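Me: I've got a structure open and want to know what earns each feature its label. Can you take me through it, starting with the pockets?

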Amino acid sequence: MSENPLVIKFGGTSVGTGAAIGRAARIAAEAARERPVVVVVSAMSGVTNLLLGHAAVGATADGSAAEHLRASLAERHLRAMGEAVAPERQPEVEGRVLRLLDELVETAGRPAESVKARRAGIAVFGERLSAEIFAGAVAGAGVPGGVVGADPIATDRRFDEAEVDVAETERRCSRYVAPVLEDGAVAVVPGFVGRAPDGSPTTLGRGGSDLSATVLGRALGSSEVWIMSDVNGVLDADPRLVPDATLMPRLSYHEAHTFAGLGAKILHHKTMEPAAEARLDVLVRNTFAPETPGTRISADFADGDGVRCVALRRKVPMEIPCANGRRSETAMVVCIGSPSEADLKLGLRLLRKAKIRFLHAGFASAGLVFVVNGEQGEDALRLLHGSLVTADSPGVEEVA
């Protein structure tokens, strides 16, 4: 390919309805007028849970559960197709969707070698269905689109949280993704999905579409990956716990990896590994407000000075003795960035003043940590966020 492709991942809410798919397709089509584009799609919101629920139940003798699942998925996906895909393209897309649903019923009725193999074999259909509708929608937005002929990400046989085979993934991308791009089309890839050496379907774990995007970016020689979801970017704390959490315009790989590993919902915890290896820029943006600058994660950024963001880890395996002889659970607030001794001293002083009991405070590889009584974890998080998190130094213009 003459130009390195942009990889864009759209999450479950970004493809959750026909209107959302149409919006996402227009974003992809606009980008594709400037450079080659690979789109990674998640399953429609809620579909993976539905599929995994069926996988857990197992096959019934008459296949009635699988047929009920098929009918439910057909109703939702064909309705979305009707909203997102131009009428002249709908018969072809509908045929592809119905063939996938027939394959799902067949897969659900077959014996599997293990519970994990069964889960993977059924779960991957959510992304496959999204991919077919998205390809039809992007074509209606004025740019050709096609689903890749086979899953490009090669893995081991772990089925769930499978490990990526980097060299084989590069070969599969050359074989299955590059020809679609060379034809001038947007290449649509089901996220979360891999292939074992024997061809069995595997998965990269829940939220693995993020990881799929950076894995493909590395394999294709991309310089940039967009992670599109329903938030404006990465906030400096969980907004459910800290209502005044603010957008961070930039992050280092280390900060993003640490934050995701501590449970930040915006990124899969392994997403940064391929990005850091290939020095990919990862831009986290909002599908529903694409004009917002988002958060850029890049090799150009070192860890910021001071505390950049805070995360709460509950049920830390450390206990605090109580006066009544019982032991209470503990929680850990992690302050990520480049915290200083002054941050540690200020944090301790604030916790004491607020009468929040702490068992341990100090520096660790993740950052500055405060272990407190579990019942006071959220209070400690809000207190430390309000007092230790520093304003982001570069302006938005510098990182957009």
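Reply: Sure. Keep in mind that this is a predicted model. The largest pocket has a volume of about 1,200 Å³, and of the 46 residues in its lining, Asp 210, Ala 264, Lys 265, Ile 266 and Leu 267 are the closest to its centre.

Me: What makes a residue part of that lining?

Reply: A lining residue has an atom within 4 Å of a point of the pocket. Among the elements that supply at least two such residues are α2 (47-57), α8 (208-220) and β7 (224-229). The biggest contributor is β11, with four residues.

Me: How is the lining of the largest pocket divided into nonpolar, polar and charged?

Reply: It has 21 nonpolar, 16 polar and nine charged residues. Take the residues closest to the centre: Asp 210 and Lys 265 are on that list, and Asp and Lys count as charged. Ala 264, Ile 266 and Leu 267 are there too, and Ala, Ile and Leu count as nonpolar.

Me: And the second largest pocket: how much space is in it, and which residues lie nearest its centre?

Reply: About 380 Å³. Its lining has 18 residues, with Thr 107, Arg 110, Ala 117, Gly 121 and Pro 201 nearest the centre. Helix α5 gives the largest share, four residues, while α4 (90-109) and α6 (125-140) each supply at least two. The lining splits into nine nonpolar, three polar and six charged residues.

Me: Why is Arg 285 said to lie over the face of Trp 226?

Reply: The distance test asks for CZ of Arg within 6 Å of the ring centre, and the direction must be within 35 degrees of the ring normal. Arg 285 is at 4.5 Å from the ring centre of Trp 226, so the distance fits the 6 Å limit. Arg 250 is placed over the ring of Phe 301 as well, with its charged end 5.9 Å from the centre, so that value also falls within 6 Å.

Me: On to the sheet. How do you know that β3 pairs with β4?

Reply: Pairing needs at least two bridges. Three bridges join β3 to β4 (residues 186-190), so the two count as paired, and they run parallel. One of the links is Gly 145, whose bridge partner in β4 is Val 186.

Me: What makes β3 and β8 edge strands?

Reply: The open sheet has eight strands in the order β3-β4-β2-β1-β7-β9-β10-β8, with mixed pairing. β3 (145-147) and β8 (250-251) each have a single partner strand, so one side of each has no neighbour in the sheet.

How values were computed: Residues numbered from 1 in each chain as written. Predicted model: local features only at pLDDT ≥ 70, side-chain atom pairs only at ≥ 80, totals over all residues. Heavy atoms only, no water. 1 Å grid on protein atoms, 1.4 Å probe; cavity = no way out; pocket = protein on both sides within 12 Å on 5 of 7 lines; lining within 4 Å. Points joined across faces, edges and corners; volume = space filled by probe spheres on them.
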